[in-house]
Amino acid sequence: MFLVGLGALSVPVIIHLMHSTKAQVVRFGTIRFLKNCQRRAARRTRLKQLILMALRMLLLALIVLGMAKPVIQSEDTAASPADLSTAMVLIIDNSYSMGYREEGKTRLDRAKSVAADLLDTLKESNEDEVLVIMMNKKAEPLHQEFQRDVASVKAAVRRAKLSNHGTEVSSALSMAYAAMHRTSKPRREIHLLTDLQFYSWEKLLEMNFIKAEEEPRPRLFISSFGRPKSHNSFIRNISVSGTAVGGIGSKILAEVETVGAGSPDNVITLSVNSKKKEQAPFTVRPGAPAQVPVEVSFDEPGTYRCSVALNKDSLTVDDTFEFSLTVDDRVTVLCVDGDPSSVASLSETFFLNVALNPASLTGLRAGSAIEPNTISLGELSRTSLDAYKCVIICNAPLLNGNELVKIEAFLKSGGSLILFLGDRVRAREYNEWDFIPATLSDVTGRADKRSFMSFGRISPRHPIFAGNLDLRTTKVFRCFNAKPHDKARTIAELRNGPPVIIERDYGTGRVMMITTSADLAWSSLPLRRIFVPLVHRMVTYMSGRKAMFHAYSVGNTVEFRALARHYDKSIKVVTPKGAATYLRPQINGSYAVATFTDTVEPGRYKVVAHPDFSNCNGFSVNPDVKESDLTMIQTRTLEKELEGLNATILKVPGKAAAEVAESREGWKLWPLLFKLGLLFFCIEILVANLFSRTVEHEGLQMPLFDYLKLRRGGGLAE
Amino acid sequence: MRTARADSRRFLSPEMLKKMAHLSIKSRTVVEGSVTGAHRSPYKGFSTEFADHREYVKGDDLKHLDWRIYARSERHYIKQYEENTNLKAYILIDSSGSMAYASNGMSKYEYACYLTAGLSYTIINQQDSAGLAIFDEKIQNYFPPKSTVSHLRAMLDALVEVRPAAETDTSVALHTMAEMLKRRGMIVIISDLMDEPEHVIKGLAHFKQRRHDVIVFHVLDDYELNFPFEKNSEFLDMETGERIRVAPKEIKQEYAQELTQFLDTYKRACFENGIDYVTINTKIRPEVFLAAYLTGRAKLT
């Protein structure tokens, strides 16, 4: 109807024509001057009138079009007029990174506010329906099906809380698209309210599953609540350097990372049993994780509840890392000397003993976490192994039947065995053992030590080689050629091929074999400075002492294990919020095993259980720090990935509801038309006055038009 | 006839007569009259104003002999004096179509008639002779100079009867008049000079070559001088009938420049030729202008 008003466009034309056709006749003495002036002004006047006419036509056209309130409808909106019934799926990210606090509000608060706005766009009269999915590590719908009661959905959204999990976009989107298949509403929208963390999209982009969706695709709106370069510092992990033994200092290493722009200075605080014990300042920069050491010693053996904490930042949940540290008494190791000597330094285990307990040279007991006890091979059958975690047999020719049974039982009960070979070893006897990790053949290398072999490839990630133990300068004069069994793992081998260190699991225990000797007869290893840390790590690793601290991530399963005879003893687990759960162990082989899966809250979990159960002293749960990396996926990357997916990334989440409404109704063109109209009105006034204005130039008044021409070097119009 | 006379009388209104009563006009140059008068004559005589010496010839009155020269050079020289004569004034009035333009009720032609009446009255009143030539493309009417009141009346009647309409060719009229007048006198040209300035100036110069005392009254309407038009209009040329459509607002400045240039051309040329040039706005009452002009001229003469 309003378009009829476009006829008004003819008004300026009519005015223009009237202007040029009808004019008052004035009798004048002479028109000789007027002719000259008119000749000069004609071009300018014509131009002005044409411009003014065009401007007025434009102005009228804009006003008329504006009054018609036009909207631009895309293909999608054209198919979705404003009153179409809508099915909406709201995916709200409630991973713990949404707890990042900005300007007094968490990102989740802002997301909930936008969600409420979006819910307000639904109309009961259209029978619109909505499904809300909370997105974290998994997708958690607030209701099982679409809801039409928007008020109750809004209340549920208001009640939604942060989770302690990371983000997994793909599962939530899969659920949303699946829900959309169940609805028959003509207009379908999925709204994803998230902080666009990069890692949360990796899996999705790899899966590429959205592109496989069939037409017609629902519209996907993504509102980002993240901000580039948001600062966050967090503790990625904790490790304990060496062993944690009562009375001996331990070094706790905290791996701290930071992202975004912020101060690199921070302070780490170690608390033991809720008491602050140590504090250390440090500096950490984005992209360069820092290993922050904290020295601590425990007087008594036992299990300690520890935590390391950073200064509080905008995301507090990852500023503290809790763990349990079990401090043992000394580790007792039984060394079986296969070639003893009355001269101590000539015995097979001399260097091993010194390395395991350097203080033994001075006759002192303290100073080492490992206490070796050496016996001869003949004493083995008479010695109980119950008190030992690890047995080391050096250059023993063979084991008799009793000894073999004892060792096998020891291994099956979780003990560990380290075998050093030598010139007394009978390969054929060894190859008969069930627990041997490799089949031995002949001895390679020269006994006169005129030539030697060097270490070649090692497994750098193996715990015994952690921290760059350099074996390259170690000379191996002789060793057994060994062919590892299928279940065995080669940890180190010589440069020309034969493996030197091989390990395998046996029962619940572990066997490690070194194909050269523990003394200087076959290698220079005992004289190398790496010998001491190497054998310490071997013993620590083999006796399981490395795993002395326990920390779980949110969502991990915690296992309680004891011998099968404890199957009837229930276990009580109390969450950090005080909720108690009772577990009943199940028989699993020779063990009674119970599992606890409800590790959703980070913090300290109390456990009441028989002392033989693992984790009987409680355990700690920490957030999965992948979520702490707030680095956002680049919008451009996301747009490229979502190309052709009918997806829109809303850069200002606060205006999401308005933009969505616009997308439904089309883009309102008329405000722009009125603004343009106003602009053209101003231009019209400007043009009309500019052409009439005169300026003084060299004492002469001249029209601005001519003056400008003169300034441009064109000279005055004729 | 009666109507024409009645109309012509308005040119000599009581106000005009009152203003003109005590005024006179004198020629700035010598003029050739037939009787002794108030104006300088080119002919030398024996009046009171010394002009030159000449050698004594037999028959000269000895009272004019310059004894001082004789005492110095023993030669006889007679002192000659300026001879005064009466003035013959010729008023040339333009009756072309453009002179009919009137923005405030009184056309330029009508204004010229008032000036003519006032001047003629003054001239005749001071016992000089006034003549009249009415021209447009050519001389339409000519009254030789006379110093009688009836002659004045006849001239005014003739002015009333003319209706300005034709195109103008001022230069032709001026050249014709310049050739026609044998004796030097005063030439008063009353016109809007809406002609090619170059040609008109040549015509004026022609008079100067003939040693006439030339006065130009350049009569222009107030609207022509100030161009106060606002609305877009079609202007009709009153002489040629040509039409032109203009937006007065947009050309006002240029019009003023054109007009100034036009007037300056005349001013400069008249100054260079010793012609008394005055631009007159018809908004000023003719008797007021004449009184002011004659007073001013009398002071300068």
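**Exercise 1. Chain B as a whole**

What percentage of the 301 residues in chain B do buried residues make up? State also how many helices and strands chain B has.

*Solution.* The model is a predicted one.
Step 1. Of the 301 residues in chain B, 53% are buried.
Step 2. Chain B holds 10 helices and 10 strands.
Step 3. Consider the contacts in chain B between residues at least 6 apart in sequence: 75% of these contacts join residues at least 24 apart.

**Exercise 2. The interface of chain B and chain A**

Describe the contact between chain B and chain A by its residues and its buried area.

*Solution.*
Step 1. Count the residues on each side: chain B contributes 33 residues and chain A contributes 28 residues.
Step 2. Turn to the area. About 3,100 Å² is buried between chain B and chain A, and 58% of this area lies on carbon and sulfur atoms.
Step 3. Identify the leading contributors. B:E250, B:E254 and B:E258 supply 21% of the area that chain B buries against chain A, more than any other three residues.

**Exercise 3. Polar and charged links across the interface**

How many salt bridges does the rule find across the interface of chain B and chain A? Describe the one formed by A:K35, and then the side of chain B that touches chain A.

*Solution.*
Step 1. The rule finds 2 salt bridges across this interface.
Step 2. One of them joins A:K35 to B:E242. The closest N and O atoms of A:K35 and B:E242 are 2.8 Å apart. A salt bridge requires such a distance to be within 4 Å, so the pair A:K35 and B:E242, at 2.8 Å, satisfies the cut-off.
Step 3. In addition, 7 residue pairs are in polar contact across the interface of chain B and chain A, with both residues at pLDDT 80 or more.
Step 4. On the side of chain B that touches chain A, the elements giving two or more residues are α8 (222–226), β8 (233–237), β9 (243–246) and α9 (248–273) of chain B. The most comes from α9(B), with 9 residues.
Step 5. By type, the residues on this side of chain B are 15 nonpolar, 5 polar and 13 charged.

**Exercise 4. Strands that pair between the chains**

In which sense do strand β1 of chain A and β8(B) pair, parallel or antiparallel?

*Solution.*
Step 1. Strand β1 (residues 24–28) of chain A pairs with β8(B) in the parallel sense, over 5 bridges.
Step 2. For A:R27, the bridge partner in β8(B) is B:L236.

**Exercise 5. Two residues of chain A**

Is A:G66 buried or exposed? Is A:S347 buried or exposed? Give the surroundings of A:G66 and of A:S347.

*Solution.*
Step 1. A:G66 belongs to helix α2 (residues 32–67) of chain A. Its relative accessibility is 0%, and therefore A:G66 counts as buried, the cut-off being under 20%.
Step 2. Beyond its neighbours within four places in sequence, A:G66 contacts A:W670, A:L673 and A:F674. A:G66 and A:P671 are 605 residues apart in sequence, yet their C-alpha atoms are 7.1 Å apart in space.
Step 3. A:S347 lies in the loop between β17 (331–337) and α8 (350–356) of chain A. Because its relative accessibility is 8%, A:S347 also counts as buried.
Step 4. A polar atom of the A:S347 side chain lies 2.8 Å from the backbone oxygen of A:A344. Not counting residues up to four places away in sequence, A:S347 touches A:D337, A:D339, A:P340 and A:S341.

Note on methods. Residues are numbered from 1 along each chain as its sequence is written. Chains are lettered from A and ligands numbered from 1 in the order in which they are written. This is a predicted model: local features need pLDDT of at least 70, side-chain atom pairs count only at pLDDT 80 or more; totals for chains, interfaces and linings use all residues. Side-chain values use heavy atoms; hydrogens and water are left out. Helices (H or I, at least four residues) and strands (E, at least two) are DSSP runs, numbered from the N terminus. Buried means under 20% relative accessible area, exposed over 50%, partly exposed in between (1.4 Å probe, protein chains only). Contact means heavy atoms within 4.5 Å. Buried area is the accessible area (1.4 Å probe) that two parts lose on being put together, summed over both. A salt bridge is a side-chain nitrogen of Lys or Arg within 4 Å of a carboxyl oxygen of Asp or Glu. A polar contact is a pair of N or O atoms within 3.5 Å; within protein, one must be able to donate a hydrogen and the other to accept it, and residues adjacent in sequence count only if both atoms are side-chain atoms. Ala, Val, Leu, Ile, Met, Phe, Trp, Tyr, Cys and Pro count as nonpolar, Asp, Glu, Lys and Arg as charged, and the others, Gly among them, as polar. Two strands pair if DSSP finds at least two bridges between them.
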